[in-house]
Amino acid sequence: MTQTYMIGNWKMNQGLKEITSFFEELKSKSLKPGNFWIAPQAIHLSQALELSGNNFKVGAQNCSEQNFGAFTGEICADSLKELGAHFVILGHSERRSIYGESDKLINAKIKKAMVSKLVPVFCIGETLEQREAGKTMEIVLGQVKNGLEGVKPTRTDELILAYEPVWAIGTGKTATAEQAEEVHTNIRKLLIELYGALGNELSILYGGSVKPSNVSELLAMPNINGALVGGASLKAEDFSHLCVATY
Ligand code: PGA
């Protein structure tokens, strides 16, 4: 069965004080078990693991495509795994647009993450310009194809996709549930072409201004299997509402 996930992407936010109070407050909510994941800044992985308790998995926001070696400033997937990370967000639009990451590099990172037994949360999405030019499907499906070239998951919990329209990230503008579902349905078709029955069960998350007030409508769509959340994952109160919406 396709799993539903609620994943918080903290980006370059939350210092140690905020991490401590976030998990303290979240624990007081006594959430039932679920697929609740948090990606703090990599430098805070150990603290987040220690404070988060059993109900949360912790992961990273990026990793290198390389093995150990002379790559100053990079983050090694094997070291993330060793530290206790469960997953890694790859291909986020901020990595693509600010740091110039190409489909090819993202593909190499996905492969490296899987070899290191981290679950890639692979992000794709079109810009406003591309949407307005009627190129949404071409762009998104192209990113999926290129990013998954030679990637062969054997279980549904080995790979997660996240559709995040760039125009909806951090802007307060959410895609409507119908707009998102249209893209998710096309991604689903492609995943079935690529992976057969397994492709029908891989989780496809939506991301872009998800918040307590719009999450239920999005999650009600058959091919929206959870959310990747930036802003609304920073507050325990909001994040706990989002987690509850996955039950
Ligand atoms: P947002 O960010 O929820 O703040 O729009 C989503 C993301 O970047 O993953």
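Buried means under 20% relative accessible area. The legends below describe a predicted model.

**View 1. Cysteine 63, a buried residue.** Cysteine 63 has 1% relative accessibility. That value is under the 20% cut-off, so cysteine 63 counts as buried.

**View 2. The cysteine sulfurs and the disulfide count.** A disulfide needs two cysteine sulfur atoms within 2.5 Å. By this rule the model has zero disulfides. Cysteine 63 takes part in none. Its nearest cysteine sulfur belongs to cysteine 76 and is 8.3 Å away.

**View 3. Cysteine 123, also without a partner in reach.** Which cysteine sulfur is closest to that of cysteine 123? The closest one sits in cysteine 63. The two sulfurs are 12 Å apart, which is too far for a bond. Cysteine 123 is buried, because its relative accessible area is 1%.

**View 4. The shell around the ligand.** The ligand has 13 residues around it. Lys11, His92, Glu164, Gly170 and Ser209 come nearest. How does the shell divide into nonpolar, polar and charged residues? Four are nonpolar, seven are polar and two are charged.

**View 5. Polar contacts to oxygen atoms of the ligand.** Glutamate 164 uses its side chain: an N or O atom there is 2.7 Å from a ligand oxygen. Glycine 170 uses its backbone, with an N or O atom 2.6 Å from an oxygen atom of the ligand. Glycine 231 also contributes a backbone N or O atom, 2.9 Å from a ligand oxygen. On its own, the ligand has 280 Å² of accessible area, and the protein covers 95% of this.

Key: Residues numbered from 1 in each chain as written. Predicted model: local features only at pLDDT ≥ 70, side-chain atom pairs only at ≥ 80, totals over all residues. Heavy atoms only, no water. Near = heavy atom within 4 Å. Polar contact = N/O pair within 3.5 Å; in protein donor to acceptor, adjacent residues only side chain to side chain. Areas by Shrake-Rupley, 256 points an atom, 1.4 Å probe, with all protein chains shown as cover. Nonpolar A, V, L, I, M, F, W, Y, C, P; charged D, E, K, R; others polar. Buried < 20%, exposed > 50% of the residue type's maximum accessible area, 1.4 Å probe, protein only.
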